Amino acid sequence: MEIYKVSQELVCTRRTPGLGHHSLRVLEAADGSLSVATDPVGAPVGKWVFTTIGTAARFAMSDPTVVTDLTICGLIDNWE
Amino acid sequence: MEIYKVSQELVCTRRTPGLGHHSLRVLEAADGSLSVATDPVGAPVGKWVFTTIGTAARFAMSDPTVVTDLTICGLIDNWE
Amino acid sequence: MEIYKVSQELVCTRRTPGLGHHSLRVLEAADGSLSVATDPVGAPVGKWVFTTIGTAARFAMSDPTVVTDLTICGLIDNWE
Amino acid sequence: MEIYKVSQELVCTRRTPGLGHHSLRVLEAADGSLSVATDPVGAPVGKWVFTTIGTAARFAMSDPTVVTDLTICGLIDNWE
Amino acid sequence: MEIYKVSQELVCTRRTPGLGHHSLRVLEAADGSLSVATDPVGAPVGKWVFTTIGTAARFAMSDPTVVTDLTICGLIDNWE
């Protein structure tokens, strides 16, 4: 599981049906690269989180048919 | 899910049957590297999109037997 | 399977239900990058371990429904 | 799906039974790194191809029990 | 599938039960980075091998429940 900082919400009006209306976050890695994750925990912008990928990313959503490959698992307490 | 800019269509007349006749896009990452994705949302060249990999990439197609490992999930509004 | 040094425990009070109460470790790779892993073997801080990813990461837990993508498989004897 | 140039055939007389007698190609990425792929389309040396990974790599073979993680999906027309 | 040189055996007395007593090898990539693989083909130290990851890594073992994510598939003849 990787560590990211929540950078912003992602606005996306045209999307594949498999993503439903789940909220999306832009995450920033330690090296500055950006990724997009589904967020079942309600992570606020500016917080540090860790994420899971692959099949586990779908299982971490309440609905495992969501076509995500990156899901926020939790907020990290007292990071940086 | 990763962020890419749609660079061009991919022309490929000789392909494995498992790809069917699905349209393919060449995507450019922030670091300039290129990848190939299946596109169920009709992403125009020049637009910024985000993608999903792995099993989710197949689920994001209308037909989950398509042998893709990278599928465009949606267009990003107001990016860059 | 990748080689890491156990850096610290991860404190995370707000997490997805799929992680249960399993203990989490922050791991440091040879290049200094950090990852988060579930730990079924009780790896002490400062020890060198190797890990497994993907579906195998869930199978390596006693409970394969845990939504991890990185699990510690074992301690490496006499490393470095 | 990633883009590679076919570099050479791979000669391998001692292999795991799960690979069968499928032909193997050494592929070169844009950054010069080399990988090994199974080839169901008969890609000639020197041609540019794109590949699929993971479960899709096995599905792209006629026999999905082949233990490959990288399979050539198609030849790219008019590349470079 | 990736290309590695067998660097040494891995000694690991404390391990997750899902790895059984399968022998483990430390592999060195072209860039000098190290990984750990299960070895069903008996690859000698110093030889060049190629490996498979993910679900295929488990299928390449005689026992697909082994919690590996990297398995040696074969020895490469006449490499380097």
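The legends below describe several close-up views of a predicted model. Because the model is predicted, local features need pLDDT of at least 70 and side-chain atom pairs count only at pLDDT 80 or more, while totals for chains, interfaces and linings use all residues. Residues are numbered from 1 along each chain as its sequence is written, chains are lettered from A and ligands numbered from 1 in the order in which they are written, and side-chain values use heavy atoms, with hydrogens and water left out.

**View 1. The interface of chain B and chain D.**
The contact (heavy atoms within 4.5 Å) takes 21 residues from chain B and 20 residues from chain D. The size of an interface is often given as the accessible area lost when the parts come together. Here the buried area (the accessible area, with a 1.4 Å probe, that two parts lose on being put together, summed over both) is about 1,700 Å², and carbon and sulfur atoms give 58% of that area. On the side of chain B, R14(B), V67(B) and D69(B) supply 34% of the area buried against chain D, more than any other three residues.

**View 2. Polar pairs and elements at the interface of chain B and chain D.**
Between these two chains there are zero salt bridges (a side-chain nitrogen of Lys or Arg within 4 Å of a carboxyl oxygen of Asp or Glu). There are, however, 13 residue pairs in polar contact, both residues at pLDDT 80 or more; a polar contact is a pair of N or O atoms within 3.5 Å, where, within protein, one must be able to donate a hydrogen and the other to accept it, and residues adjacent in sequence count only if both atoms are side-chain atoms. The elements of chain B that give two or more residues to the side touching chain D are β2 (24-28) and β3 (34-38), where helices (H or I, at least four residues) and strands (E, at least two) are DSSP runs numbered from the N terminus. Of these elements, β3(B) gives the most, with five residues.

**View 3. T38(D) and its surroundings.**
T38(D) lies in strand β3 (residues 34-38) of chain D, and at 0% relative accessibility T38(D) counts as buried; buried means under 20% relative accessible area, exposed over 50%, and partly exposed in between, with a 1.4 Å probe and protein chains only. The side chain of T38(D) makes a polar contact with the side chain of T68(D), at 3.1 Å. Not counting residues up to four places away in sequence, T38(D) touches ten-residue surroundings that include L19(D), M61(D), I72(D) and M1(E).**View 4. The pair R25(A) and D39(A).**
D39(A) forms a salt bridge with R25(A), the closest N and O atoms being 3.4 Å apart. The pair links distant parts of the chain, with D39(A) in the loop between β3 (34-38) and β4 (48-53) of chain A and R25(A) in strand β2 (residues 24-28) of chain A, 14 residues apart. Both D39(A) and R25(A) are buried.

**View 5. The pair R25(E) and D39(E).**
In chain E, the side chains of R25(E) and D39(E) meet in a salt bridge, at 3.4 Å from N to O. R25(E) is in strand β2 (residues 24-28) of chain E, and D39(E) is in the loop between β3 (34-38) and β4 (48-53) of chain E. R25(E) is buried because its relative accessible area is 10%, and D39(E) counts as buried at 8% relative accessibility.

**View 6. P64(B) in a loop.**
P64(B) is placed in the loop between α1 (55-59) and β5 (70-75) of chain B, and at 38% relative accessibility P64(B) counts as partly exposed.
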